[in-house]
Amino acid sequence: MRMRPTLSWTPPEDLPPATTDPGPVADALGAGGVLVLTGAGISTESGIPDYRGEGGSLSRHTPMTYQDFTASAGARRRYWARSHLGWRTFGRARPNTGHRAVAAFERHGLLAGVITQNVDGLHQAAGSEGVVELHGSLARVVCLSCGASGSRRELARRMEEANRGFEPVARGMNPDGDADLTDGQVGDFRVVPCSRCGGVLKPDVVFFGENVPASRVEHCRGLVGRADSLLVLGSSLTVMSGLRFVRQAAEAGKPVLIVNRDATRGDRHAAARVALPLGSTLAAVADRLGITVDGPAGARG
C-alpha cells in the first residue's frame, strides 16, 4: 500500500468540538484492551519537533520523498549530510512522560499493542515492548541493491571517517532526524556505500511516497481487529498510513479516542478528542488509575 505524500490538511469548520476532559481516556484504559497509535506529537517534549503542530517543521521543510532519494545522487548527498548531522542530536533524545506513561499502561496489562508512526525509538527506550514501527526506524539502514541491513551507529562511524571536519551548525532539526542545512553547508559531503555490495544505503524508514510494507499494514489491521478501543496520541492523522486504522476501528464500532491539541483528520470518527498537552494528560490519567509513571529513562538504543 502506498503512503500518500499528503503534507497538509485544512480542518473543515464543522468538525465536532474537542474536550479538555481526559475522563474518556481514563475510562477506556481502565477497561483494558486499548490499542495505542502514536505520532510525532508524543515526542515533542523530548525535543524532537512535530511536522504539523504549532511551529511544525513543514512550515520550513519538505521531507525527502522516496522518488527523489532513489532518482538523484545529489538528493542522496543532501539527505545523508543533513541526516548525519541530525542523528547526533536525535540520538541524544530521551523518552518523556508520554512515552513512559504508555510503557506503564502496557506493564499493567491495559494495552492491546502499540503502533507508532515515529522513527525515533523512544517508546522502546521507555520500556514498551513489541512496538510496531509503522514507518520503520532511523536506528537501522538497508541497502537498496542487496537488501542487507545494518546499524545506523556503524554507518555514522563510517561517515565520520569519510567526512572529517564536517561540523556545520544546523538551523534546526525535523521529526525525521533531518537537520536544516543549506546546500553550501552540505558541500561535497561524501556518502558511503553498502559495505557488502557497494550499493545505495537508505535509512530503514518509510519516506513520503514510499510503500508501507503490506505485511506490516496487515499486522496492524489485526491489532485493530483484536483491540477493544483505539487511542491516538499526538498524531494529526493527515497521512493515510495512520488514518486507515482509525477508520477501521470506527467502522467496527470500536471507540476511538484522540489526545491532540489541534484538530485531526480523524476527529469525525472519534468518540472524543482531548485538546490537552500529552505528557501531563497521560500522567493525570495514570494517577487516576493508580499507576505510577517511572522517572526518566536512559538513552534510546
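The exchange below covers the confidence of this predicted model and the surroundings of helix 3.

Reader: What pLDDT does the protein chain average, and where does the pLDDT stay under 50?

Author: The protein chain averages a pLDDT of 89, and 90% of the residues score at least 70. The pLDDT stays under 50 over residues 1-5, for which the model has 23 contacts beyond four places in sequence. Residues 55-60 also have a pLDDT below 50, with 14 contacts in the model beyond near neighbours in sequence.

Reader: How do you know that the span of helix 3 is close to the one expected?

Author: Helix 3 runs over residues 73-90 and has 18 residues. At 1.5 Å a residue, 26 Å is expected, and the distance from its first C-alpha to its last is 24 Å.

Reader: What makes S72 a cap of helix 3?

Author: A side-chain oxygen of S72 lies 3.2 Å from the backbone nitrogen of G74, at the N-terminal end of helix 3. A polar contact requires N or O atoms within 3.5 Å, and the 3.2 Å of this pair meets that limit.

Reader: Why is H84 called buried?

Author: Buried means under 20% relative accessible area. H84 has 3%, so H84 is buried.

Reader: Which residues does H84 touch, not counting those up to four places away in sequence?

Author: H84, which lies in helix 3, touches R152, A156, M159, E160, F166 and F189.

Reader: What covers the buried residues of helix 3?

Author: The buried residues of helix 3 include Y79, W80, L85, W87 and F90. The cover includes helix 2 (66-71), strand 4 (136-143), helix 6 (152-162), helix 7 (183-186) and strand 6 (201-205).

Conventions. Residues are numbered from 1 along each chain as its sequence is written. This is a predicted model: local features need pLDDT of at least 70, side-chain atom pairs count only at pLDDT 80 or more; totals for chains, interfaces and linings use all residues. Side-chain values use heavy atoms; hydrogens and water are left out. pLDDT is the predictor's confidence in each residue, from 0 to 100. Contact means heavy atoms within 4.5 Å. Helices (H or I, at least four residues) and strands (E, at least two) are DSSP runs, numbered from the N terminus. The expected span of a helix is 1.5 Å times one less than its number of residues. Buried means under 20% relative accessible area, exposed over 50%, partly exposed in between (1.4 Å probe, protein chains only). A polar contact is a pair of N or O atoms within 3.5 Å; within protein, one must be able to donate a hydrogen and the other to accept it, and residues adjacent in sequence count only if both atoms are side-chain atoms.
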